[in-house]
Amino acid sequence: MKSRLFTALITTCLAFSLSACSTMKGANIKYKSQRTIDDTHPRATLIIGTSDLVDNILITNVKVAKVGLLSRAGIDVQNLTDNRYTLEYKFVWRDKQGFEVDASNVWHRFVLTPRKIKSFQSVGKKPEAYSIQFTVRFPDDLYIESDRLDREAKPFFD
């Protein structure tokens, strides 16, 4: 009887310790890996902020370099489809530890025509700006959404 109790106690402790290890392993992950986030570049995190854009646009050709005391970044956004998109982008600069340096939080609207590439640049406003987070998304704007639906419903030539 004592050996069964001891075996049950050991099994329970082992199960708890293994589950604690798997929980700790997940705690070190920066964020869940998904197709909308690309952090393969050492100084850039690229985010497609709307899942409907995955496989329809490509964020590519990332360049980050020093210009005097400041850093400059350049990025291309490519339309892989025959659709015309009205989108927004935002640059967020971070220091070497990953903290925001320039948190202006301003979204800039642009139009991406079919199969075209559009280039964007930003300069970090402080010398400690080291890496960027670049996000592209559909605007949160009812007018644009209704305008897009109207264009899809009506033929281009009447």
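# Notebook: a three-strand sheet, its core and its salt bridges

**Entry 1. The sheet.** I began with an open sheet of 3 strands, in the order β3-β4-β8, with antiparallel pairing. β3 (57-67) and β8 (117-123) are the edge strands. Each has a single partner strand, so one side of each lacks a neighbour in the sheet. I noted the twist as well: it averages 15° from one strand to the next. The model is predicted, and I read every entry here with that in mind. As background, I wrote down that strands of a sheet pair through backbone hydrogen bonds, either parallel or antiparallel.

**Entry 2. β3 against β4.** How many bridges join β3 to β4? I found 9 bridges, with the two strands running antiparallel. I then looked up partners in this pair. Val 67 stands opposite Leu 70 of β4. Ile 57 has Asn 79 in β4 as its bridge partner. Next I checked the turn. The hairpin of β3 and β4 has 2 residues between the strands. Gly 68 in this hairpin takes a positive phi near 65°.

**Entry 3. β4 against β8.** This pairing is antiparallel too, over 7 bridges. I picked out two bridge partners. Ala 73 is matched with Ser 122 in β8. Gln 78 is matched with Ile 117 in β8.

**Entry 4. Cover over β4.** Is β4 mostly covered or mostly open? I logged it as mostly covered, since 7 of its 10 residues are buried, the cut-off being under 20% relative accessible area.

**Entry 5. Asn 79.** I stayed with β4 and went to Asn 79, which lies in this strand (residues 70-79). Is Asn 79 buried or exposed? Asn 79 counts as buried because its relative accessibility is 1%. I wanted to know what its polar side chain meets. The side chain reaches the backbone oxygen of Leu 112 at 3.4 Å. A polar atom of the same side chain lies 3.1 Å from the backbone oxygen of Thr 113. I then listed the touching residues, leaving out those up to four places away in sequence. They are Asn 56, Ile 57, Tyr 85, Leu 112, Thr 113, Pro 114, Arg 115 and Lys 116. Ile 57 in that list is also the bridge partner noted in Entry 2.

**Entry 6. The largest nonpolar core.** I turned to the largest nonpolar core, which has 25 residues. Which members touch the most other members? They are Val 77, Phe 134 and Val 136. I traced where the core comes from. The elements giving two or more residues are β2 (44-48), β3, β4, β5 (85-94), β7 (108-112) and β9 (131-137). β5 gives the most, with 5 residues.

**Entry 7. Phe 134.** I looked up the contacts of Phe 134, setting aside neighbours within four places in sequence. Phe 134 is in contact with Thr 45, Leu 46, Ile 47, Ile 59, Ile 75, Val 77, Tyr 89, Lys 90, Phe 91 and Phe 120. Val 77 appears in that list, and Val 77 is itself one of the residues with the most core contacts.

**Entry 8. Salt bridges.** How many salt bridges does a search of the whole structure find? The search returns 5. I opened one of them, between the side chains of Asp 55 and Arg 35, at 2.5 Å from N to O. Asp 55 sits in the loop between β2 and β3, and Arg 35 in the loop between α1 (2-27) and β1 (37-38), so the pair ties together parts that are 20 residues apart in sequence. Asp 55 is exposed, at 52% relative accessibility. Arg 35 is exposed too, at 59%.

**Entry 9. A salt-bridge network.** I moved on to Arg 109 and Glu 88, whose side chains meet in a salt bridge at 3.3 Å, N to O. This pair links distant parts of the chain: Arg 109 is in strand β7 and Glu 88 in strand β5, 21 residues apart. Is Glu 88 buried or exposed? Glu 88 counts as buried, at 7% relative accessibility. Arg 109 is partly exposed, at 44%. I also checked Arg 137, which forms a salt bridge with Asp 140, the closest N and O atoms being 3.8 Å apart. Asp 140 is exposed, at 68% relative accessibility. Glu 88, Arg 109, Arg 137 and Asp 140 are linked in a network of salt bridges.

Notes:
Residues numbered from 1 in each chain as written. Predicted model: local features only at pLDDT ≥ 70, side-chain atom pairs only at ≥ 80, totals over all residues. Heavy atoms only, no water. Helix = DSSP H or I, 4+ residues; strand = E, 2+ residues; numbered from the N terminus. Buried < 20%, exposed > 50% of the residue type's maximum accessible area, 1.4 Å probe, protein only. Polar contact = N/O pair within 3.5 Å; in protein donor to acceptor, adjacent residues only side chain to side chain. Contact = heavy atoms within 4.5 Å. Pairing = 2+ DSSP bridges. Axes fitted to C-alpha atoms, helices over the stretch in contact; angles between N-to-C directions. Core = buried A, V, L, I, M, F, W, Y, C linked by side-chain atoms within 4.5 Å. Salt bridge = Lys/Arg side-chain N within 4 Å of Asp/Glu carboxyl O.
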